[in-house]
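These are my notebook entries on one protein chain. I wrote down what I looked up, in the order in which I looked.

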Amino acid sequence: QPLCDEIVRLYNAQNTFIRPAPLPTPKDTANLALDRPVRVSSTHPECADSERMLTDGILAQDDPQDFWVHDPAEGKTAWVVVDLGESKAIKEVRLQFRGLYGQFWFVPSRLGFEVSDDGEQFAQIRDSDAVPKEGDEYSPELRVYEIGRKGRYLRLTLGPSQHVAPPYPGALELTEVEVYGP
């Protein structure tokens, strides 16, 4: 019994290396965008194919290397289109922005939200400048944007980056895009 008690004490001790890693956050199956196809205006060449990470349900706190990067050489703004598979009522969109070194980095100056049934003609729903300020203390909570429309395709437009200094001036990044119905 003393050995078992010692193992339990060590296991429950803080800052030990025998404590197993925490389980990742379960994927939210109510998320209409989960594992759905994504198209983007560009992807940074050093992060090829990272757009698939936008709808994989993996949040920054579970994998800090799971994010998409826009290529600033392709333009100051970017867009992301999520195909929901069929027309669905969209109540809200939730976004997780990128954090590094305890601060928000590579954040757009504003956002636009549009929906479409055919993926060609988009109707503007709303614009928002309710985004984190570059350099503010990072928080992994997803930001919520009310939509209240129906559509198969959601297009998110990202305004110019707040990040203007090296490294990577003009880069835009997102960790996750989630879409929820009523």
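**Entry 1: the core**

I started with the largest nonpolar core, which has 31 residues; Val80, Val93, Leu95, Phe97, Leu111, Leu156 and Leu158 touch the most other members. I noted what such a core is: a set of buried Ala, Val, Leu, Ile, Met, Phe, Trp, Tyr and Cys residues joined through side-chain atoms within 4.5 Å. Buried means under 20% relative accessible area, exposed means over 50%, and partly exposed is in between, with a 1.4 Å probe and protein chains only.

I then looked up which strands supply the core. E1, E3 (78–97), E6, E8 (143–158) and E9 (173–180) each give at least two residues. The largest share, 8 residues, comes from E3.

**Entry 2: what I am looking at**

The model is predicted, so I noted its limits: local features need pLDDT of at least 70, side-chain atom pairs count only at pLDDT 80 or more, and totals for chains, interfaces and linings use all residues. Residues are numbered from 1 along each chain as its sequence is written, and side-chain values use heavy atoms, with hydrogens and water left out.

I found 1 helix and 9 strands in the chain. From the N terminus on, the order is α-β-β-β-β-β-β-β-β-β. Helices (H or I, at least four residues) and strands (E, at least two) are DSSP runs, numbered from the N terminus.

The chain has 182 residues, and 41% of them are buried. I also looked at contacts between residues at least 6 apart in sequence: 76% of these join residues at least 24 apart. Contact means heavy atoms within 4.5 Å.

**Entry 3: strand E9 and its partners**

Is E9 enclosed or open? I found that 8 of its 8 residues are buried, so E9 is largely enclosed by the rest of the structure.

E9 runs antiparallel to E3, and 6 bridges join the two. Two strands pair if DSSP finds at least two bridges between them. Val93 has Val179 in E9 as its bridge partner. Val93 is also one of the core residues that touch the most other members. Leaving out residues up to four places away in sequence, Val93 touches Phe113, Arg143, Val144, Tyr145, Ile147, Leu154, Val177, Glu178 and Val179.

E9 also pairs with E2, in the antiparallel sense, over 2 bridges. Here the partner of Val69 is Glu173 in E9.

**Entry 4: the pocket**

I met Val69 and Glu173 again in the largest pocket. Its lining has 13 residues, and Phe67, Val69, Phe106, Tyr168 and Glu173 lie nearest its centre. On a 1 Å grid over the protein atoms alone, a pocket is an open set of points where a 1.4 Å probe fits, with protein on both sides within 12 Å along at least five of seven lines; lining residues have an atom within 4 Å of a point.

The space in this pocket is about 220 Å³. Grid points are joined across faces, edges and corners, and the volume is the space filled by probe spheres set on the points. I sorted the lining by class and got 9 nonpolar, 1 polar and 3 charged residues. Ala, Val, Leu, Ile, Met, Phe, Trp, Tyr, Cys and Pro count as nonpolar, Asp, Glu, Lys and Arg as charged, and the others, Gly among them, as polar.

**Entry 5: a hairpin**

E6 (residues 111–116) and E7 (residues 123–128) run antiparallel and are joined by 5 bridges. They form a hairpin with 6 residues between them, and Gly119 in the turn has a positive phi of about 80°. Phe113 has Arg126 in E7 as its bridge partner.

**Entry 6: unusual backbone angles**

Most residues other than glycine have a negative phi, and most peptide bonds are trans. I looked for cases that depart from this.

Asp49 is not a glycine, yet its phi is positive, about 70°. Asp49 sits in the loop between E1 and E2 and is partly exposed, with a relative accessible area of 43%.

Tyr101 also has a positive phi, near 55°. Tyr101 lies in the loop between E4 (99–100) and E5 (103–104) and counts as exposed at 73% relative accessibility.

The peptide bond from Pro166 to Pro167 is cis, with omega near 0°. I placed Pro167 in the loop between E8 and E9.
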